[in-house]
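Please explain how this chain is put together, going through its loops, its sheet and its helix contacts.

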Amino acid sequence: MSTALSQVFRGPLKLVIFDCDGVLVDSEEACCRLCAQAARDAGWDVPDHLTVQTFSGMSLATIQPMIEQHAGKLLGPQWEPTMQQRFVAAMKEGVEPITGVHAMLDAVQKLGVPVRVASNSSCEEMDVKFAVTDLAPYFKGRIHSARDMGIPKPRPDVYLKAAQAEGVLPCECVVLEDSDPGAQAAVSAGMACVMLRPPEKSIPDWKGLERIEKLSDFPDILSKLVKDSP
């Protein structure tokens with residue numbers, strides 16, 4: 001077991017929890033671009049090359065007041081549900097799975113460890129994404145939405161809800177995340193977290209974080225945890 005994960009993980013491994021956007025489905029940039037366009041419409045000039053950096057991993061409930069502060073105007077109570085429907089419509093038009101995700105999930109299944117999803121996306125949005133990308137069979141009835149709970153990441157509630165639904169302790173879980181708010185939620189939940197990050201982007205210096213640069217590395221980490229578990 002890696003030194004980083006061992007700071008938090010206390011086996012046996014009983015649950016793997018995946019974020020959705022940027023980990024399973026390549027929808028992060030599309031959603032961030034929609035948020036950037038909404039910001040520009042409101043009067044905050046967010047350039048395209050900074051969209052992901054500005055909005056990645058954030059919930060609409062967090063993004064709305066951010067835009068309002070920078071634009072100097074209120075967006076109103078319908079802004080968030082309107083943006084949610086724009087997300088769903090964009091996903092229906094086409095979204096791609098993250099490269100290697102099906103092979104990675106097949107390898108995790110062979111380890112016999114249960115899986116769940118915990119995301120800031122709504123269940124409606126995830127249902128569309130998973131149907132389009134053929135990921136639905138992996139997660140049927142095992143999806144948790146921080147948006148639908150009304151408690152978005154970086155709050156840990158959606159991860160704790162997933163563990164509770166499985167009947168396991170947080171220290172018996174491993175999370176796969178790609179964003180800082182998501183990783184913060186996992187760490188705050190008391191869970192070990194593996195971050196999927198390109199080599200040019202660092203990860204936060206937080207307890208219990210491990211880094212991978214490609215999805216194919218994730219099953220190897222889990223396999224070692226299974227073998228090292230009592």
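Pro12 sits in the loop that runs between helix H1 (3-6) and S1. In this predicted model, the peptide bond joining Gly11 to Pro12 is cis, with omega at about 5°. A second cis peptide bond links Lys153 and Pro154, and here omega is about 20°. Pro154 also belongs to a loop, the one between helix H8 (146-149) and H9.

Another backbone feature is found at Asp134, in the loop between H7 and S5. Asp134 is not a glycine, yet its phi is positive, at about 60°. Is this residue buried or exposed? Asp134 has 54% relative accessibility and therefore counts as exposed, since the cut-off for that class is over 50%.

The loops lead on to the sheet. Strands of a sheet pair through backbone hydrogen bonds, and the pairing can be parallel or antiparallel. Here, 6 strands make up an open sheet with parallel pairing, in the order S5-S4-S1-S6-S7-S8. The edges are taken by S5 and strand S8 (209-212); each has a single partner strand, so one side of each has no neighbour in the sheet. On average, and with direction ignored, neighbouring strands of this sheet are turned by 25° against each other.

Strand S4 (residues 115-119) can be followed in more detail. On one side, S4 pairs with strand S1 (residues 15-18) in the parallel sense, over 3 bridges. In that pairing, Ile17 stands opposite Arg116 of S4. The pairing of S4 with strand S5 (residues 143-145) is also parallel and has 3 bridges, and there Ser119 is opposite Ser145 of S5.

How many residues of S4 are buried? The count is 5 of 5, and the strand is described as mostly covered. Val115, Val117 and Ser119 point one way from S4, while Arg116 and Ala118 point the other way; all of them are buried. Arg116, the residue across from Ile17, is thus listed among the buried residues despite being charged by class. One element packed over this region is helix H9 (residues 157-166), which lies across S1, S4, S5 and strand S6 (173-177). H9 runs at about 155° to S4.

Next come the contacts between helices. Two packed helices are described by the angle between their axes and by the distance between the axes. For helix H2 (residues 28-42) and helix H4 (residues 60-71), the axes come within 9 Å and cross at roughly 30°. H2 is therefore roughly parallel to H4, because angles under 35 degrees fall in that class. The crossing of these two helices, H2 and H4, is right-handed. From H2, the residues in contact are Cys35, Ala39 and Ala42; from H4, they are Leu60, Ile63, Ile67 and Ala71. By class, this contact of H2 with H4 consists of 7 nonpolar residues, with no polar and no charged ones.

The other helix pair is helix H5 (residues 79-93) with helix H7 (residues 123-132), whose axes come within 9 Å and cross at roughly 5°. That angle makes H5 roughly parallel to H7. Which residues meet in this contact? Gln84, Gln85, Phe87, Val88, Met91 and Lys92 of H5 meet Glu124, Glu125, Val128, Lys129 and Val132 of H7. The contact of H5 with H7 has 5 nonpolar, 2 polar and 4 charged residues, whereas that of H2 with H4 has no polar and no charged residues.

How values were computed:
Residues numbered from 1 in each chain as written. Predicted model: local features only at pLDDT ≥ 70, side-chain atom pairs only at ≥ 80, totals over all residues. Heavy atoms only, no water. Axes fitted to C-alpha atoms, helices over the stretch in contact; angles between N-to-C directions. Helix = DSSP H or I, 4+ residues; strand = E, 2+ residues; numbered from the N terminus. Parallel < 35°, antiparallel > 145°, perpendicular 65-115°, else oblique. Left-handed = near helix turned anticlockwise from the far one by under 90°. Contact = heavy atoms within 4.5 Å. Buried < 20%, exposed > 50% of the residue type's maximum accessible area, 1.4 Å probe, protein only. Pairing = 2+ DSSP bridges.
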